[in-house]
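Work through the exercises below with the sequence and the coordinates open side by side. Each task is followed by a solution that goes step by step.

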Amino acid sequence: MKHMVTTAAVVSLIGLGAGQAFAQPTHARTVTKVTIVMHDPGCHWFSVGGKLKTKLVVAGPARLLNVDEAALKVVGAGAVRRVGVGRTLTLGTGSYAITMIGQAADDNHLKLVVR
């Protein structure tokens with residue numbers, strides 16, 4: 001009987017240890033999807049829940065998806081980056097100015113803040 005209880009205790013501890021080894025951390029941050037679309041007037045916009053916006057604040061990190069008609073220039077966090085059509089760019093905490101490359105002077109200038 002004593003051998004049976006000891007075996008059950010060992011099996012339980014092994015199962016608990018294996019479960020902890022494969023557990024996912026609960027503090028992992030999700031990536032916020034930010035989509036930029038083409039729409040007249042103004043050329044490019046943030047598409048948020050079916051609405052169009054020129055300013056957006058999101059929890060970071062953020063994954064920017066360009067579905068506009070041309071490449072985008074993203075300025076912020078000490079760098080200038082280019083995002084081609086259909087491409088994504090992951091952005092960390094900071095404030096970003098987004099313009100379309102070769103855009104007209106009266107087109108929208110987007111402002112994104114990632115917290």
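Strands here are DSSP runs (E, at least two residues) and helices likewise (H or I, at least four residues), both numbered from the N terminus. The model is a predicted one, in which local features need pLDDT of at least 70 and side-chain atom pairs count only at pLDDT 80 or more, while totals for chains, interfaces and linings use all residues. Residues are numbered from 1 along each chain as its sequence is written, and side-chain values use heavy atoms, with hydrogens and water left out.

**Exercise 1.** Place Thr 35 in its strand and decide whether Thr 35 is buried or exposed.

Step one: Thr 35 is found in strand S1, which covers residues 32–38. Step two: buried means under 20% relative accessible area, exposed over 50%, and partly exposed in between (1.4 Å probe, protein chains only). Step three: with a relative accessible area of 17%, Thr 35 is therefore buried. Step four: a contact means heavy atoms within 4.5 Å, and, leaving aside residues up to four places away in sequence, Thr 35 touches Trp 45, Phe 46, Ser 47, Leu 65 and Val 67.

**Exercise 2.** Carry out the corresponding analysis for Arg 87 and its surroundings.

Step one: Arg 87 belongs to the loop that runs between strand S7 (79–83) and strand S8 (88–91). Step two: its relative accessible area is 58%, so Arg 87 is exposed. Step three: beyond residues up to four places away in sequence, Arg 87 touches Leu 64, Leu 65 and Asn 66. Step four: for Arg 87 and Leu 64, a separation of 23 residues in sequence goes with a C-alpha to C-alpha distance of 8.3 Å.

**Exercise 3.** Determine the strand order of the open sheet and explain which strands stand at the edges.

Step one: two strands pair if DSSP finds at least two bridges between them. Step two: five strands form the open sheet, in the order S4-S10-S9-S6-S7 and with mixed pairing. Step three: S4 (55–58) and S7 are the edge strands, because each has a single partner strand and one side of each is left without a neighbour in the sheet. Step four: S4 pairs with S10 (residues 110–114) in the parallel sense over four bridges, and Lys 55 has Lys 111 as its bridge partner in S10.

**Exercise 4.** Identify the backbone features at Pro 61 and Ala 77.

Step one: Pro 61, in the loop between S4 and strand S5 (62–67), is joined to Gly 60 by a cis peptide bond with omega about -5°. Step two: Ala 77, in the loop between strand S6 (72–76) and S7, has phi near 55°, a positive value in a residue other than glycine.
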